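Please read the following report alongside the sequence and the model. It takes up a few local features in turn.

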Amino acid sequence: MRVAFISDIHGNIHALTAVKRFLADNIVNQVVVVGDLVGYGASPGPVIDFVKREGWSTGLGSSDMRVAIDLGDRNDRKGVADQVLVWTKKMLSPDQMDFLRRLPPGGRIMTPIGRVRYFHGSPHDPEVRLDLMANERDLETLADTLAARVVVVGGSHVPFVRTIGETTFVDPGSVGLTLNHEPGADVAIVDCIGRKPKVSLHKVTYDFASSAFDIMAWNLPPVIADVIKTGRMG
């Protein structure tokens, strides 16, 4: 069984389209989106429609939640991400907003090697990022609680794999706004065969100049275009 995990698409339709082409050449049994379809990028509606049309299993991300769910007055938040999320709310149709509201906080997959769990941040809160560099004992405790051989999380925008004991922790990185100092769309493929999972991390090239142009065309913060083109913040 072969599963592709992608995360943090962030409204980047050019990157997402390239990922679909990549997966057509690298056959998998299932595609899972570990949250954050929207935020930062200029095409939140098309990204939602794309994922919905493909029927990919999708979890709720922190940006998805902040766009689709009323979390109370957050006028004190003035960062770049918050500016784009306000804009995103205006761009989505009622059906697209409803799609985000209905996303589960995560999910599980039964595979030949055991259970795979995925969620964007922590098991019950997309906004609380799980630190995969945390103390081994803390991650062992989490793995025991989840009873999982593979735990997949998002949010860092940096691809990462760490195995502790019998559990492999994976962050697939970001499709739409990678931060590992190399532009492109990140994809993680997990082969769930044999005695233990095999994880491969991939960087998919795409027309990031067009994605950056879309940011500027919609008068979104220019820093986002810079990150798309460089793969680094600042």
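In this predicted model, F213 counts as exposed, because its relative accessibility is 57% and the cut-off for that class is over 50%. The residue sits in helix α7, which covers residues 208–217. Its C-alpha atom is separated by 35 Å from that of G107, a residue 106 positions away along the chain.

Helix α7 also takes part in an internal space. The structure holds one cavity of 30 Å³ or more, and the largest cavity encloses about 50 Å³. Among the residues that line the largest cavity are G11, N12, I13, H14, S211, D214 and I215. Both α1 (13–25) and α7 supply at least two residues each to this lining, and the greatest contribution, three residues, is made by α7. By residue class, the lining of the largest cavity divides into four nonpolar, six polar and one charged.

A second topic is the aromatic contacts, of which a search of the whole structure finds four pairs. One of these pairs is formed by W87 and W218, whose arrangement is edge-to-face, with 5.5 Å from centre to centre and 65° between the planes. W87 belongs to helix α4 (residues 80–91), whereas W218 lies in the loop between α7 and α8 (222–230), so the pair ties together parts that are 131 residues apart in sequence. The two tryptophans fall into separate accessibility classes: W87 is buried at 14%, while W218 is partly exposed at 43%. The table sets these values beside that of F213.

| Residue | Relative accessibility | Class |
|---|---|---|
| F213 | 57% | exposed |
| W87 | 14% | buried |
| W218 | 43% | partly exposed |

The remaining topic is the strand that contains G107. Strand β4, made up of residues 106–111, has a covered face formed by G107, I109 and T111, and an uncovered face formed by G106, R108 and M110. Which strand is joined to β4 by six bridges? The partner is β5 (residues 114–119), and the two strands run antiparallel. G106, on the uncovered face of β4, has F119 of β5 as its bridge partner. The connection between β4 and β5 is a hairpin that passes through two residues.

Taken together, helix α7 carries the exposed F213 and gives the most residues to the lining of the largest cavity, while W218, in the loop between α7 and α8, pairs with W87 of helix α4.

Conventions:
Residues are numbered from 1 along each chain as its sequence is written. This is a predicted model: local features need pLDDT of at least 70, side-chain atom pairs count only at pLDDT 80 or more; totals for chains, interfaces and linings use all residues. Side-chain values use heavy atoms; hydrogens and water are left out. Helices (H or I, at least four residues) and strands (E, at least two) are DSSP runs, numbered from the N terminus. Buried means under 20% relative accessible area, exposed over 50%, partly exposed in between (1.4 Å probe, protein chains only). Two strands pair if DSSP finds at least two bridges between them. On a 1 Å grid over the protein atoms alone, a cavity is a set of points where a 1.4 Å probe fits but cannot get out, and a pocket is an open set with protein on both sides within 12 Å along at least five of seven lines; lining residues have an atom within 4 Å of a point. Grid points are joined across faces, edges and corners, and a volume is the space filled by probe spheres set on the points. Ala, Val, Leu, Ile, Met, Phe, Trp, Tyr, Cys and Pro count as nonpolar, Asp, Glu, Lys and Arg as charged, and the others, Gly among them, as polar. Rings of Phe, Tyr and Trp (its six-membered ring) pair if their centres lie within 6.5 Å; planes under 30 degrees apart count as stacked, over 60 as edge-to-face and the rest as tilted.
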